[in-house]
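I opened my notebook for this one and kept each entry short. Here is what I looked up.

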Amino acid sequence: MAEIVARIRATLTSPEMVSRYRLQPTAWTRQRKLSFLMVVTVILTGHKRVLQHALNRVFQALGRVTEVPTASAYSQARQKLHPALFQHLNDVVIEDFYRLYGADGEVKRWQGRRLLGIDGSVFNVPDTRETRQCYSVQSNQYVDGERIQALGSVCYDLLNQVALSAGLGRKQAEKQFIFTRHLSVMDVGDVIILDRAYADYSVMAMLQAHRRDFVIRLPRRSFRAAEPLWTSPEREQIVTLPLPRSQRRFVAAQDLASSLQVRLIKVDLPSGEQEVLATSLLDGRAYPHAELQRLYALRWGVETYYDRVKNIFEIERFSGRSVLSIEQDFYGVIFLATFESVLTKEAEAELAQESATKQCHYAARVNRTMSYLALVDHTVALLLDPQVTLEGTIATLHQLFKTNPTRSRPGRQVPRKVRSRARQVWFLRYAKRLIA
């Protein structure tokens with residue numbers, strides 16, 4: 001772990017990185033209180049706090065209370081930083097994680113393949129003239145006036161719980177993020193698991209053209225070739241999907257196949273309903289029916305990831321109202337969530353081993369609220385404080401990650417509670433503050 005943190009530190013102190021990710025050619029050419037590294041650290045640790053308080057905490061941790069700048073000075077300094085820096089930091093952590101732990105088998109795979117889930121979620125952003133132009137205006141019958149919303153999308157390693165890439169933009173067809181953002185981070189042989197929003201000929205054709213396999217849940221009446229299976233007693237069949245007329249231009253422009261052979265699988269849900277999955281994994285012996293049903297169930301990991309970043313990291317509590325500040329906070333949280341997942345791997349393994357040794361009925365797992373708070377409290381020491389050793393800080397974090405572990409019962413389902421609008425407002429105003 002120390003090697004990963006050391007590389008993050010080296011990246012943030014590199015003159016090349018400063019030059020690449022500054023928005024003004026003269027930014028950070030002189031020694032400033034709010035250095036490049038300082039601004040990055042405050043963004044990572046302060047998006048949920050009042051700006052002045054976030055600055056006070058960072059400078060107090062460094063023993064430089066007399067040098068605390070104003071919130072106005074910080075707001076001006078962050079306008080010089082490109083949000084893509086945090087995407088680069090996320091890539092650094094992912095690259096090192098696979099490189100350092102892949103050879104020892106600590107990187108989890110399914111039949112030697114990565115399982116990737118892609119999904120989108122809507123984020124509420126501040127209402128300004130700039131955000132109205134950049135994102136989407138959403139009217140809601142339950143809310144007075146309008147909301148400004150952005151669509152976020154992540155490509156997520158389901159078994160290793162890390163986000164490989166993320167995007168934020170105007171509300172649109174979610175498949176566009178696959179073409180513009182996520183395809184570049186996938187490897188040949190990856191299995192992409194997708195929900196009904198991605199049941200689209202162009203998505204399947206694009207993935208097959210790049211030698212990525214897929215498992216997609218089909219909505220009813222999505223493909224004519226799949227309709228007979230819904231009412232048939234058969235559990236699976238292989239069909240050929242013809243090219244829809246509406247997608248001929250796109251398919252021709254991308255030089256994709258004009259027909260696709262897919263395997264359809266009917267699965268039973270716990271509710272008693274039946275659904276149909278479409279997959280490019282045609283070999284029934286190598287990829288049996290029950291295994292593919294289990295595979296699709298793993299897609300829920302993307303939903304729990306959004307639960308983490310929305311309710312624990314509170315990603316929608318943006319520290320600024322400009323599009324630049326929103327993107328800095330968004331990609332900063334994505335990086336922090338990846339960083340936390342990688343740093344907690346050893347603690348997670350130790351908790352699992354202890355549970356097995358004690359023959360516990362349910363394995364203990366890292367408490368994500370505790371691990372997030374511990375990471376934020378020690379981000380200054382990890383990235384900014386030269387007086388603190390990385391090994392000592394990582395050892396401290398390792399112990400904190402194991403405090404108050406949680407236990408989850410496999411297959412447990414809790415009925416969703418339908419709350420009134422008044423109850424929802426009360427939760428956002430009072431109860432949510434207790435989560436993190």
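My entries below go strand by strand and pair by pair, and I note up front that this is a predicted model.

**Entry 1: strand β5**

I started with strand β5, which covers residues 191-194. Are its two faces covered or open? I found both faces covered. Val 191 and Ile 193 sit on one side, Ile 192 and Leu 194 sit on the other, and all of them are buried.

Next I looked up the strands that pair with β5. Strand β1 (residues 115-125) is joined to β5 by three bridges, and the two run parallel. I wrote down one pairing here: Leu 115 stands opposite Val 191. Strand β6 (residues 213-218) is joined to β5 by four bridges, and this pair runs parallel too. In β6, Asp 213 is the bridge partner of Val 191. How does the chain get from β5 to β6? I followed the path through helix α9 (residues 201-209), and this β-α-β crossover is right-handed.

**Entry 2: Arg 114**

I then went to Arg 114, which I found in the loop between α6 (84-101) and β1. Is Arg 114 buried or exposed? Its relative accessible area is 4%, so I put Arg 114 down as buried.

What does the side chain of Arg 114 touch through polar contacts? One polar contact goes to the side chain of Asp 190, at 2.8 Å. Another goes to the side chain of Tyr 98, at 3.4 Å. I also listed contacts in general, leaving aside neighbours within four places in sequence. Among the residues in contact with Arg 114 are Arg 109, Asp 157, Leu 164, Met 186 and Val 191. I had already met Val 191 as one of the buried residues of β5.

**Entry 3: cysteines**

How many disulfides does the structure hold? I noted zero. I still looked up how two cysteines sit. Cys 155 is buried, with a relative accessible area of 0%. Cys 134 is partly exposed, at 29%.

**Entry 4: salt bridges**

How many salt bridges are there? My count came to 29. I picked out three pairs to look at by name.

Pair one is Asp 377 with Arg 57, whose side chains meet at 3.2 Å, N to O. Asp 377 lies in helix α16 (residues 368-377) and Arg 57 lies in helix α4 (residues 51-61), so this salt bridge ties together parts that are 320 residues apart in sequence. I marked both as partly exposed: Asp 377 has a relative accessibility of 47%, and Arg 57 has 32%.

Pair two is Asp 200 with Lys 175, also a salt bridge with 3.2 Å, N to O. I found Asp 200 in the loop between β5 and α9, while Lys 175 is in helix α8 (residues 175-182), so I noted another link between distant parts of the chain, 25 residues apart. Both Asp 200 and Lys 175 are buried.

Pair three is Glu 340 with Arg 308, whose side chains meet at 2.5 Å, N to O. Glu 340 is in helix α14 (residues 323-343) and Arg 308 is in helix α13 (residues 300-312), 32 residues apart. Are these two buried or exposed? Glu 340 counts as buried, at 0% relative accessibility. Arg 308 counts as buried as well, at 8%.

I also came across a network of salt bridges, and it links Glu 3, Arg 7, Glu 95, Asp 96 and Arg 99.

**Entry 5: positive phi**

Last, I looked up backbone angles. Phi of Gln 161 is near 60°, which is a positive value in a residue other than glycine. Where is Gln 161? I found Gln 161 in the loop between β3 (146-157) and β4 (162-169). At 22% relative accessibility, Gln 161 counts as partly exposed; the cut-off for buried is under 20%.

Glu 314 has a positive phi too, near 50°, and again the residue is not glycine. Glu 314 lies in the loop between α13 and α14. I had those two helices in my notes already, with Arg 308 in α13 and Glu 340 in α14. Glu 314 counts as buried, at 5% relative accessibility.

Key
Residues numbered from 1 in each chain as written. Predicted model: local features only at pLDDT ≥ 70, side-chain atom pairs only at ≥ 80, totals over all residues. Heavy atoms only, no water. Buried < 20%, exposed > 50% of the residue type's maximum accessible area, 1.4 Å probe, protein only. Pairing = 2+ DSSP bridges. Right-handed = clockwise from strand over helix to strand, strands pointing away. Disulfide = S-S within 2.5 Å. Polar contact = N/O pair within 3.5 Å; in protein donor to acceptor, adjacent residues only side chain to side chain. Contact = heavy atoms within 4.5 Å. Salt bridge = Lys/Arg side-chain N within 4 Å of Asp/Glu carboxyl O.
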